[in-house]
Amino acid sequence: MKNYTAGSDPVFSEKIKIVEITDPVHADNANAASKQLIENDLALKAMLEKKMEPEEGMGLSHNDYTDEDRDKLAGIDEGANCYRHPESHPASMIEQDSTHRFVSGTKQLYRVQVGAYTVKGNATAMQAKLKAAGFDGIVVKG
């Protein structure tokens, strides 16, 4: 038998082929399986070496930041950063103006088109009359 030496950067694999007794033709799989088992072993050892070990005297409650930072955090109320958007908003929060109006679902609105003009000056004159009467109006080319 020949010894197998893994490369410098072993790779872990969950899939390892095995030789079945009924399949002697593919005996080369045995070598691949042995190699992968060695690779897995070395990869796991390397991962364990990189694992952080706890430091003496350090724990989860250890104060390893400044007292000023600790006091600042201690002053924040429980759930202070837990914003929950409300399911609905009161109508009183809607600021109405000429382009933003609160309309109830029971009120029916009707649109009225006032004329079609071949001269733009005539259209803007009608728009001015509508605004003077308290209505909004727009001039659209088309």
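**Figure 1. Asp41, with a relative accessible area of 38%, is partly exposed.** The view is taken from a predicted model. The side chain of Asp41 meets that of Lys45 in a salt bridge, with an N to O distance of 3.1 Å. Lys45 is likewise partly exposed, its relative accessible area being 45%. Both residues belong to helix α1 and are separated by four residues, about one turn of the helix. An α-helix has 3.6 residues a turn, so residues three or four places apart point the same way.

**Figure 2. Asp67, Arg70 and Asp71 are connected in a network of salt bridges.** Arg70 takes part in two pairings shown here. In the pairing with Asp67, the closest N and O atoms are 3.1 Å apart. In the pairing with Asp71, the N to O distance is 3.3 Å. Asp67 and Arg70 both lie in helix α2, which covers residues 67-74, and they are three residues apart, about one turn of the helix. Arg70 has a relative accessibility of 34% and counts as partly exposed. Asp67 is also partly exposed, at 46% relative accessibility, and Asp71 is partly exposed with a relative accessible area of 47%. The structure as a whole holds three salt bridges.

**Figure 3. Tyr4, Ile38 and Leu42 form a nonpolar patch on the surface.** Together, the three residues present about 210 Å² of accessible area. Tyr4 comes from the segment that precedes helix α1, the helix of residues 28-50. At 31% relative accessibility, Tyr4 is classed as partly exposed, because that class lies between the limits of 20% and 50%. Membership of a patch requires over 30% relative accessible area, a condition that Tyr4 meets at 31%.

**Figure 4. Gln127 is a buried residue of helix α3.** The relative accessible area of Gln127 is 19%; the residue therefore falls under the 20% limit for burial. Leaving aside residues up to four places away in sequence, Gln127 touches Gly137, Ile138 and Val139. Across the protein, buried residues make up 8% of the 142 residues.

**Figure 5. Helix α3 runs from residue 120 to residue 132.** At 1.5 Å a residue, the 13 residues of this helix should span 18 Å, and the end C-alpha atoms are 18 Å apart, so the expected and modelled spans agree. Just after α3, Gly134 adopts a positive phi of about 95°.

**Figure 6. The protein contains three helices and zero strands.** Along the sequence, the elements follow the pattern α-α-α. The surface exposed by the protein is about 14000 Å², of which carbon and sulfur atoms supply 54%. Among contacts between residues at least 6 apart in sequence, 43% join residues at least 24 apart. This overview places the preceding close-ups in context: the salt bridge between Asp41 and Lys45 lies in helix α1, the pairing of Arg70 with Asp67 lies in helix α2, and Gln127 lies in helix α3.

Notes
Residues numbered from 1 in each chain as written. Predicted model: local features only at pLDDT ≥ 70, side-chain atom pairs only at ≥ 80, totals over all residues. Heavy atoms only, no water. Helix = DSSP H or I, 4+ residues; strand = E, 2+ residues; numbered from the N terminus. Buried < 20%, exposed > 50% of the residue type's maximum accessible area, 1.4 Å probe, protein only. Contact = heavy atoms within 4.5 Å. Areas by Shrake-Rupley, 256 points an atom, 1.4 Å probe, with all protein chains shown as cover. Expected span 1.5 Å × (residues − 1). Patch = residues over 30% accessible without salt bridge, like charges linked within 9 Å, V, L, I, M, F, W, Y side chains within 5 Å. Salt bridge = Lys/Arg side-chain N within 4 Å of Asp/Glu carboxyl O.
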